[in-house]
Amino acid sequence: MYVTKYLLVFILSALFVIIYTSCDQVEQTDSSFDANLINQHLVTDVSFTEQYRPQFHYTPRINWMNDPNGLVYYEGKYHLFHQYNPFGNRWGYMSWNHAVSEDLVHWQHKPVAIPYGKKEEEAIFSGSAVVDHNNTSGFGNGQRVPLVAIYTSHYTREDGSTWQAQSLAYSIDGGESFVKYEGNPVLKYDDPDFRDPNVIWIDKTGQWVMVVALPRQHKVQFYASDNLIDWEFLSDFGPDGAIDGIWECPDLFPVAVDGDSQNTRWILHVDINPGAIAGGSGSQFFVGDWDGRQFIPDETISGGDVIWADYGTDFYAAITWNNIPEEDGRRIWVGWMNNWMYANIIPTSPWRSAQSIPRSIHLETVDGNIKVIQRPVEELHALRSEHRRIEDIAVSGGTHSLSEYGIYGKSYEIIAELSIGDAQDFGFEVRKGGNEKTRIGYNSQREVLYVDRTQSGEVDFHDGFASVSEAPMKLKDGKLILQIFVDWSSVEVFAQNGTTILTKRIFPGPESEELMLYSEGGESSLIRLDFWNLKSIWN
Ligand code: FRU
């Protein structure tokens, strides 16, 4: 009798471990939990010049990072919280780490904001943060407006099985320290996978609205609340769009079409893993309306196709900043520049993962259709140093190095206009050296913009890494406009004014610095190119 019972528990736990590890993210750290080490990251010496260390992308000083969490603007500062393992360089002991910035570019590392709860075996999974201006939660002390984090508690029971529910933690000292609400969790549901709550204040109805994922059901649910504590179910959305993987990290927000505040549409963003366009993890948009209770997608905008936020392999779990002042008016987000396919084994140490550059999200009418556009935030201009401009270079059959113009490097931005001429394939080779190169190009026969990292440097650590990512794209009058950000271990490509984006990590040798033009099957030309070296954000 006892034997059967234990056998059953054993089989169930084993099953759980198998299912969860299939997400490739349950790797525990080798170090054991020690509360004294939780802020080790602030005292460990790091140079920020380690091999592959991004120079203008946010990275933690040490240890593992995944999703951005709780992005919120509060009293002149952008807060960036993120999934973090305080004890190691792989996923585990999930906590919210914290950084702040006054310009979205330079970041100051802060103590861990919400640590893993050893007592109740509570991992602090992804979520959002809001500024509770009217103290609806009652967490305020009359002096400081409370900052409230809404996160997923991922609990582990004694038998090893897990469940998830939504919880609160609040700060009344501007985000310096957080207290977990004693009535946690505040929202439960009858599914062990129920996570990533994203909350916004909706003025029109005078309510908080939460969107939260039911990953294995390919659904999100919407809830409303007057006080962030009691939640009323409103509706659900999905399955829809891409569903060949679990749904995570939703976000719902309004965007003015063509900047016209009288014409607002709503964007629902939902991530999928695996099953994204470039393989593994990725991000999709739905555009439509929010009627106060439910999200209604507008099929005329998507044309029935999935709207991918990024066609590269490495842009996931992005969420937008809450509470950016109305006079600014931008909706800005960052995404985790990684992919669950190989996230735990990318070759960096003593930290792992980076966040993308911040991008603003727009809805603009392009050729009569509403399109989602993303642009690097203007604040990044502050990093521009040496500028070079070249014009009118014909490239026929082969490659053309730009070193003679002083154009090369490891961390730079380019804005270029190219003309296809009669070439079949043309574009740039970046981080080139020896037999390493990353191609950012356009193929005219297939009408795709692509990033090819098959020879980008270190690629052998995972079978899926040496990949080519493609985005369908038509040229207008044979012209290709590219804005490209190259860092020590990434490329981010914004094509045709932000209508098509590709983000990919690369791991080239430090001496691979050349930048080339290439053209195959005919002659293409570079009409104009502006190049800026970008300064490091770390001093
Ligand atoms: C997405 C995700 C979230 C979860 C978190 C755990 O990358 O799987 O759904 O909350 O990571 O670290």
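## The ligand and its shell

The ligand is surrounded by 14 residues. Asp67, Gln83, Arg195, Asp196 and Glu248 are the closest of them. The model is a predicted one. By residue type, the shell holds 6 nonpolar, 4 polar and 4 charged residues.

Which strands supply at least two residues each to this shell? There are four names to look for: strand 1, strand 5 (122–131), strand 9 (195–202) and strand 13 (246–257). Strand 1 covers residues 63–74. Two of these strands, strand 1 and strand 9, return below as members of open sheets.

## Polar contacts to the ligand

Three residues place an N or O atom by a ligand oxygen, as listed here.

- Asp67 uses its side chain: a polar atom there is 2.8 Å from an oxygen atom of the ligand.
- Gln83 also uses its side chain, with an N or O atom 2.7 Å from a ligand oxygen.
- Ser126 uses its backbone instead, and the N or O atom lies 3.1 Å from an oxygen atom of the ligand.

How much of the ligand's accessible area does the protein cover? On its own, the ligand has 320 Å² of accessible area, and the protein covers 100% of it.

## The five-strand sheet

Strands of a sheet pair through backbone hydrogen bonds, in either a parallel or an antiparallel sense. One open sheet here has 5 strands and mixed pairing. Its order is 4-3-2-1-20. Strand 4 (108–114) and strand 20 (351–352) form the edges, each pairing on one side only.

Look at the end of the order where strand 1 meets strand 20. These two strands run parallel, and 2 bridges join them. In one bridge, Trp64 has Arg352 of strand 20 as its partner. Strand 1 also serves the ligand shell, with at least two residues in it.

## The four-strand sheet

A second open sheet contains 4 strands in the order 9-10-11-12. Its pairing is antiparallel. The edges are strand 9 and strand 12 (232–237), and each of them pairs on one side only. From one strand to the next, the twist averages 25°.

Where does strand 9 find its partner? It pairs with strand 10 (residues 207–214) in the antiparallel sense, over 6 bridges. One bridge links Val199 to Met210, which sits in strand 10. Strand 9 is thus an edge strand of this sheet and also a supplier of at least two residues to the ligand shell.

How values were computed:
Residues are numbered from 1 along each chain as its sequence is written. This is a predicted model: local features need pLDDT of at least 70, side-chain atom pairs count only at pLDDT 80 or more; totals for chains, interfaces and linings use all residues. Side-chain values use heavy atoms; hydrogens and water are left out. Two strands pair if DSSP finds at least two bridges between them. A residue is near a molecule or strand if one of its heavy atoms lies within 4 Å of it. A polar contact is a pair of N or O atoms within 3.5 Å; within protein, one must be able to donate a hydrogen and the other to accept it, and residues adjacent in sequence count only if both atoms are side-chain atoms. Accessible areas come from the Shrake-Rupley method with a 1.4 Å probe; for residues, only the protein chains shown count as cover. Ala, Val, Leu, Ile, Met, Phe, Trp, Tyr, Cys and Pro count as nonpolar, Asp, Glu, Lys and Arg as charged, and the others, Gly among them, as polar. Axes are lines fitted to C-alpha atoms, for helices over the stretch in contact, and angles run from 0 to 180 degrees between N-to-C directions.
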